[in-house]
There are 2 protein chains.
Amino acid sequence: MQHFGDRLTHRISELNNPTVVGLDPRLSQIPEHLLSNARDEYGNTAEGAAEAILDFNRGIIDAIYDIVPAVKPQIAFYECYGHHGFRVYEETVRYAQEKGLIVIGDAKRNDIGSTAEAYAEGHLGKVDVFGELQKIIDTDALTVTPYLGTDGIVPFTKVCKEEGKGIFVLVRTSNPSADEIQGQTVGDELMDERVATLVEGWGRDLIGESGFSAVGAVVGATYPEEAKVLRNIMPNQIFLVPGYGAQGAGAEDVKASFYKNGTGAIVNSSRGIIFAYKKKEKPGEAYAEAAREAALEMKEDLGRLF
Amino acid sequence: MQHFGDRLTHRISELNNPTVVGLDPRLSQIPEHLLSNARDEYGNTAEGAAEAILDFNRGIIDAIYDIVPAVKPQIAFYECYGHHGFRVYEETVRYAQEKGLIVIGDAKRNDIGSTAEAYAEGHLGKVDVFGELQKIIDTDALTVTPYLGTDGIVPFTKVCKEEGKGIFVLVRTSNPSADEIQGQTVGDELMDERVATLVEGWGRDLIGESGFSAVGAVVGATYPEEAKVLRNIMPNQIFLVPGYGAQGAGAEDVKASFYKNGTGAIVNSSRGIIFAYKKKEKPGEAYAEAAREAALEMKEDLGRLF
């Protein structure tokens, strides 16, 4: 069983590409031919919507699996279609893993005690099925929210240790109102720096041979100055960096999250890749090809940093 | 379309019972006869586990729907069984609503922008299904986490306004490590007080005839002194109060969350009610009856406060 931080670091270096593609399949942006196929077969139903998403995702995954190390399905876009959507989330995870992709579930789960255990076991570990332990969702890593403190994290780190999985704890998110809580001053530091110190502690027992922990951190590209501070507080954390592209941050803004040798971070792009056909003004039928092009452009853009 | 805060306040007063029953169906605690029924029909599968949970929940709901105003299914215990569990979550919501119960989904969701919209629409509102808006999960209210600030809340309050639904924002959770973030000093107040001020603002446009907002707050019973402070900062919020019973807090500890007339809060009990048969040393077959007894005892215990 390989260590999550090692696996991810290795695969990034192998492909020379610190990109994670966000699978955020908004139905309204999915090409018309996929929508009409699903609608013809399933009618105007949540099941049909979910099937259109699965079809779309398969096309994206086929187009990028050999050039990017990881994908990050955003579970909200799946669970909004109820259990049909949840099934398609699971099938997307499976399909991506079969193609060799590392899958980071973007779920921002958080709770305490046995509830956090249930999340950790369901998403990353094994679940009690009449006394038999079974893998259910089985993503490689999950994003989690720290508002409940250590009690909400330990159930996840336990499963990470047992199963070679990872978590990324929200430290500094990429949105404008992040400052309302994360940017408040606590003693002589900001709240996100206080959280970063906690994250560093939570990950200390889970550092792999690469020097990186299975406990990573979400650090938005839209706060590059803060990212420098956070990089110092969390030397062993892999940063999962949202905000590049559609949210306005460029390659220079993500630089502070990386070490000089190009390790230590993975940058997310969702819409900018999966819906690139719109921006490139290509027909819907060419969406997968457009996604590959956009992924290669992003690789090149990030590559200039090192 | 009735206002969520009004509906909940009215139903609490009608039944003279400010209790919400947490539907946290850990498989290991479900009576053996229900487990073996499901195992016989579905084998050792996630589907079987989910069906056992549904069967269990129906028994609890049938036993309490006429004496408590609301239930709070904890989604972690459902989604850990993947899409089968998620389906049973949806069916539990529907079954409880058909019996007249108000359903608060305990999901602690949080994200920004269109992702938060997807959560809000899926859980509380209507979702785009090939251009047609459909209700999917349709709980009456949802718990949410504030770590991302206003950007993460506005998509939920928008849906609350449109659909007569509610949210409960985590302010002070009931666990020991809550202090690590929520209890930090920011200026001349604690972080949870800062969050409480935000919550009060988020809810100001959504105050009903009862005087209570559709935006409520989660305030743990295990910090009664802090609850007094928070009650002052959030005069229009209904407090959803965890920590009573199994987590050690008693009726005196929840008192500060209520107004003197008994309005303003609803107290959760999960294990203490749904698995009461264990504590009462009754056979598994009597689990529903034991739950009703425990719910009546809790009603009496809380009733002594006013």
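1. A residue is called buried if 20 or more other C-beta atoms lie within 10 Å of its own, exposed if 12 or fewer do, and partly exposed in between, the C-beta atoms being placed from the backbone. With 7 C-beta neighbours inside 10 Å, A:E281 therefore counts as exposed. A:E281 is found in the loop between α13 (276-279) and α14 (287-303) of chain A, where helices (H or I, at least four residues) and strands (E, at least two) are DSSP runs numbered from the N terminus. The phi angle of A:E281 is near 50°, a positive value in a residue other than glycine.

2. Before going further, please note that this is a predicted model, in which local features need pLDDT of at least 70 and side-chain atom pairs count only at pLDDT 80 or more, while totals for chains, interfaces and linings use all residues. Residues are numbered from 1 along each chain as its sequence is written, and chains are lettered from A and ligands numbered from 1 in the order in which they are written.

3. In chain B, the residue B:E281 lies in the loop between α12 (276-279) and α13 (287-303), and phi of B:E281 is near 50°, again a positive value in a residue other than glycine. B:E281 is exposed, because 7 other C-beta atoms lie within 10 Å.

4. Turning to the sheets, chain A holds a closed barrel of eight strands, in the order β1-β2-β3-β6-β7-β10-β11-β12, with parallel pairing; two strands pair if DSSP finds at least two bridges between them. The twist in this barrel averages 30° from one strand to the next. Strand β10 (residues 215-219) of chain A and strand β11 (residues 239-241) of chain A run parallel and are joined by two bridges, and A:A217 stands opposite A:F239 in β11(A).

5. Helices lie against this sheet of chain A, and their directions can be compared with those of the strands, since angles run from 0 to 180 degrees between N-to-C directions and axes are lines fitted to C-alpha atoms, for helices over the stretch in contact. Helix α5 (residues 82-98) of chain A touches β1 (19-23), β2 (70-73) and β3 (102-109) of chain A, and its direction makes about 180° with that of β2(A). Helix α14(A) touches β1 and β12 (265-269) of chain A, and its direction makes about 145° with that of β1(A). Contact here means that the C-beta atoms of two residues, placed from the backbone, lie within 7 Å.

6. Chain A also has a hairpin, in which strand β4 (residues 126-129) and strand β5 (residues 132-135) of chain A run antiparallel and are joined by four bridges. The bridge partner of A:D128 in β5(A) is A:L133. Two residues stand between the strands of this hairpin, and A:F130 takes a positive phi near 50° there.

7. In chain B, a closed barrel of eight strands runs β1-β2-β3-β6-β7-β10-β11-β12, with parallel pairing. Strand β6 (residues 141-144) of chain B runs parallel to strand β7 (residues 166-172) of chain B, with four bridges joining them, and B:A141 stands opposite B:G166 in β7(B).

8. How do two helices of chain B pack together, and at what angle? Helix α3 (residues 46-64) of chain B and helix α5 (residues 82-98) of chain B pack at an angle of about 15°, with their axes 8 Å apart. That angle makes α3(B) roughly parallel to α5(B), the word being used for angles under 35 degrees, whereas those over 145 count as roughly antiparallel, 65 to 115 as roughly perpendicular and the rest as oblique.

9. Where do the two chains meet, and how many residues take part? In the contact between them, 61 residues of chain A touch 61 residues of chain B. Helix α6 (residues 113-123) of chain A gives the most to the side of chain A that touches chain B, with six residues.

10. In chain B, B:T115 has its place in helix α6 (residues 113-123) and touches A:Q74 and A:A76, not counting residues up to four places away in sequence. B:T115 is buried, because 24 other C-beta atoms lie within 10 Å. Measuring from C-alpha to C-alpha, B:T115 and B:G152 are 8.9 Å apart in space, although 37 residues apart in sequence.
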